[in-house]
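Got your viewer open and your selection syntax ready? Load the model below and let's walk through it one stop at a time.

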Amino acid sequence: MHILYFHQHFTTPDGSGGTRSYEMARRLIERGHEVTLVCGSYRQGHTGVNGPYQRGRRRGIVEGIGIIEFDLSYSNYDGFAKRTWTFVRFALRSIGLALTQSYDVLFATSTPLTAGVPGIFARWLRGKPFVFEVRDLWPELPREMGVITNPLVLRLMDWLEWITYHSATACIGLSPGIVQGIVRRGIPADRVTLVPNGCDLDFFTPARLQTRPTGVAAGDLVAIFMGAHGRANGLDAVLDAAAELLRRQRHDIKLLFVGDGALKPALAARAESEGLTNCIFLNPVPKRELTALMSGVDVGLMILANVPAFYYGTSPNKFFDYIASGLPVLNNYPGWLADLIRHNECGLVVPPGDAAAFADALEALADRRDDLAEMGQNARILAEREFDRRRLADRFVDWIEMAVIPREAPRRANT
């Protein structure tokens, strides 16, 4: 089959974003399918396509993946209106490809929700199978965060969510809560499957190196946060814990922030103004370089704002990179990942908004290194047992094939 694959924020491991689409596209190709991936220009991404844009797009082949990259830049620093307009423009340009390109199935992955718009047109105007992957529940998340309050916009997004799900031949959810959210919108359960983010077990290893980030002493405990520094991430909670640790004279615990986002300058400014010398801010690191960085730290921080829709409705890449690296995870919000951590004894869970409990947990990890090592071993075991990217990629490909082949069989039988 030829899959026309839409992901606005696609990146290869040479970028610093999540590489799920890159890995899934490669597995589709390994299973004998052809993939054309359509994306935009993401500030932290790297598509692998070079050269000038022609008529607003450029093309290339990257590790067997056909790439069509639109000249539509996106950054977490952009304001809400600018980001929304970029999403809309990507959807409009994508419709043109969905209606004119030759392909067997259209696959689209959010976010944003508008990524599914070309699939709606492909399904109803061309009769093409459409598989939609849901990474976050919209508009539930922006509604609960208060990012969108206009009732007309929320109603429009509700309608777009409904029609996208109902237009899809099949859906994929990245967390149990996302799957349940799709089913609640009236989609039969047998048309929805769970394929969470996975662990790159060959890429990340539990090996610990002696090299430490600049500003970290050999005996310090280093807890790392990787990813976007935005409103949804709630990183002021980490700074609150940092301040509490300094009040307790725990200078042997360092908090490492790796990534970028609209709130990063404000977070760094707050750390400086409050004298939080235990906080270290680094620029985003390409995934290919993460192994060395991860091998020099001790704990992974799984931090989000205290928004109930996050509890079961997200599947953050960083969690799976942490456990693949054999890092214990310190989590500060309830939900399915907190349940996994407790059940598998691969880290600690603290209540949201409790700086003292956060600091207590970090002190416990720093003072009980044997427990820390055991939690790290449990994390890697969990990664290998349940989240091996290769097995999940096969489940992903199987689902697309099952969703499409039965529809195509009668047509092929008559040709």
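**Stop 1: two helices side by side**

Select residues 80-100, helix H2, and residues 117-126, helix H3: the two pack at an angle of about 30 degrees, and their axes are 8 Å apart. That angle makes H2 roughly parallel to H3, because anything under 35 degrees counts as such. Keep in mind as you go that this is a predicted model.

Look at how H2 passes H3 and you'll find a right-handed crossing. Now show side chains at the contact. From H2, pick Ala91, Ser94, Ile95, Ala98, Leu99 and Thr100; they meet Val117, Pro118, Phe121, Ala122, Leu125 and Arg126 of H3. Colour this H2-H3 contact by class and you get nine nonpolar residues, two polar and one charged.

**Stop 2: a crosswise pair**

Next, select 317-324 for helix H11 and 369-386 for helix H14. Here the packing angle is about 115 degrees, with 7 Å between the axes. So H11 sits roughly perpendicular to H14, since the range for that label runs from 65 to 115 degrees. On the H11 side, the contact uses Phe319, Ile323 and Ala324, while H14 brings Ala379, Arg380, Leu382 and Ala383. Sorted by class, the H11-H14 contact has six nonpolar residues, no polar ones and one charged.

**Stop 3: into the core**

Which residues touch the most other members of the largest nonpolar core? Select Tyr5, Ile224, Phe319, Ile323, Phe387, Phe396 and Ile400: within a core of 70 residues, these are the ones. Phe319 and Ile323 should still be on screen from the H11 side of the last contact. Add 389-413 to your selection as well, as this is helix H15, which gives the most to this core, with eight residues.

Now centre on Phe387 and skip its neighbours within four places in sequence. Its contacts are Pro196, Asn197, Gly198, Cys199, Phe320, Ile323, Trp336, Leu340, Leu382 and Leu392. Leu382 is another one you've met, on the H14 side of the previous stop.

**Stop 4: a loop residue**

Last pick: Ala305. Find it in the loop between strand E12 (299-302) and helix H10 (308-313). Is Ala305 buried or exposed? It counts as buried, because its relative accessibility is 16% and the cut-off is under 20%. Leave out residues up to four places away in sequence, and Ala305 touches Arg231, Ala232, Asn233, Gly234 and Phe310. To finish, draw a distance from the C-alpha of Ala305 to that of Cys39: the two residues are 266 apart along the chain, and the atoms are separated by 28 Å.

Technical notes: Residues are numbered from 1 along each chain as its sequence is written. This is a predicted model: local features need pLDDT of at least 70, side-chain atom pairs count only at pLDDT 80 or more; totals for chains, interfaces and linings use all residues. Side-chain values use heavy atoms; hydrogens and water are left out. Axes are lines fitted to C-alpha atoms, for helices over the stretch in contact, and angles run from 0 to 180 degrees between N-to-C directions. Helices (H or I, at least four residues) and strands (E, at least two) are DSSP runs, numbered from the N terminus. Angles under 35 degrees count as roughly parallel, over 145 as roughly antiparallel, 65 to 115 as roughly perpendicular and the rest as oblique. A crossing is left-handed if the near helix is turned anticlockwise from the far one by less than a right angle, and right-handed if clockwise. Contact means heavy atoms within 4.5 Å. Ala, Val, Leu, Ile, Met, Phe, Trp, Tyr, Cys and Pro count as nonpolar, Asp, Glu, Lys and Arg as charged, and the others, Gly among them, as polar. Buried means under 20% relative accessible area, exposed over 50%, partly exposed in between (1.4 Å probe, protein chains only). A nonpolar core is a set of buried Ala, Val, Leu, Ile, Met, Phe, Trp, Tyr and Cys residues joined through side-chain atoms within 4.5 Å.
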